[in-house]
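I am opening a notebook page on this protein, to be read beside its sequence and coordinates. My plan is to look up charged pairs, nonpolar groupings and aromatic rings, in that order.

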Amino acid sequence: MMHMTFYWGIKATILFDFWKTDSWLSYILTLLACFVFAAFYQYLENRRLQFKSLSSTRGVSAPLIPKSGTRSAAKAASVLLFGVNAAIGYLLMLAAMSFNGGVFIAIVVGLTAGYLVFRSDDDGANAEAENPCACA
């Protein structure tokens, strides 16, 4: 039976029927995986924002002159990373919806640590591109 409220315990099913924890070791490894996955989400978001800033137009815009190959490659990378990041964000949300308190805390702490390590140094330079939603 699926839990519909937060619970604390080592027995949890995360995302798939085959990803079940039934011992302390499997539970701790699951929490570590959730933490790393959430921090990796922030790393990819940082890469995506960097590619987005590379692909943005700067200077004078000339509609008849085609954009350079670097900008289109950066835009393609930004679009691809957006799709991957959206998928990771939704998987993190579904893992949090297991309603296991430890899994939820591991995801939130992983997102926070990832933001601290990978995204806190821009000092709001990309404030218009930031979205507080973990799935966008």
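The entries below record what I looked up in this model, which is predicted.

**Entry 1, charged pairs.** I began with salt bridges and found that the structure holds 1. It joins Arg48 to Glu45, and the closest N and O atoms are 2.7 Å apart. I then looked up where the two partners sit, and both belong to helix H1 (residues 24-55), where they are 3 residues apart and so separated by about one helical turn. I also checked their accessibility, noting that Arg48 is buried at a relative accessible area of 8%, and that Glu45 is buried as well, at 3%.

**Entry 2, the nonpolar core.** Which residues have the most contacts inside the largest nonpolar core? I noted Leu92, Val103, Ile107 and Leu111, in a core of 17 residues. H1, H2 and helix H3 (101-119) each supply at least two residues of this core, and the largest share, 5 residues, comes from H2. I followed Leu111 further and, leaving aside its neighbours within four places in sequence, I listed its contacts as Ala38, Ala39, Tyr41, Gln42 and Leu92.

**Entry 3, the nonpolar surface patch.** I turned next to the surface, where a nonpolar patch includes Leu15, Phe16, Phe18, Phe37, Tyr43 and Met97, and where the whole patch has about 1,000 Å² of accessible area. The elements giving two or more residues to the patch are H1 and helix H2 (69-96), with H2 providing the largest share, 4 residues. Among the patch members I picked out Phe18, which I located in the loop between strand E1 (12-13) and strand E2 (20-21); Phe18 is exposed, with a relative accessible area of 71%.

**Entry 4, aromatic rings.** I counted aromatic pairs last, and the structure holds 6. Phe6 and Phe99 form an edge-to-face pair, 5.8 Å centre to centre with 80° between the planes. This pair links distant parts of the chain, since Phe6 lies in the segment before E1 and Phe99 in the loop between H2 and H3, 93 residues apart. Phe6 is partly exposed, at 46% relative accessible area. By contrast in geometry, Phe16 and Phe18 form a stacked pair, 5.2 Å centre to centre with 5° between the planes, and here Phe16 is partly exposed at 42%, while Phe18 counts as exposed. I closed the page with the cluster that Phe6 and Phe99 form together with Phe104.

Terms used. Residues are numbered from 1 along each chain as its sequence is written. This is a predicted model: local features need pLDDT of at least 70, side-chain atom pairs count only at pLDDT 80 or more; totals for chains, interfaces and linings use all residues. Side-chain values use heavy atoms; hydrogens and water are left out. A salt bridge is a side-chain nitrogen of Lys or Arg within 4 Å of a carboxyl oxygen of Asp or Glu. Buried means under 20% relative accessible area, exposed over 50%, partly exposed in between (1.4 Å probe, protein chains only). Patches are made of residues with over 30% relative accessible area and no salt bridge: like charges are joined within 9 Å, nonpolar side chains (Val, Leu, Ile, Met, Phe, Trp, Tyr) within 5 Å. Accessible areas come from the Shrake-Rupley method with a 1.4 Å probe; for residues, only the protein chains shown count as cover. A nonpolar core is a set of buried Ala, Val, Leu, Ile, Met, Phe, Trp, Tyr and Cys residues joined through side-chain atoms within 4.5 Å. Contact means heavy atoms within 4.5 Å. Rings of Phe, Tyr and Trp (its six-membered ring) pair if their centres lie within 6.5 Å; planes under 30 degrees apart count as stacked, over 60 as edge-to-face and the rest as tilted.
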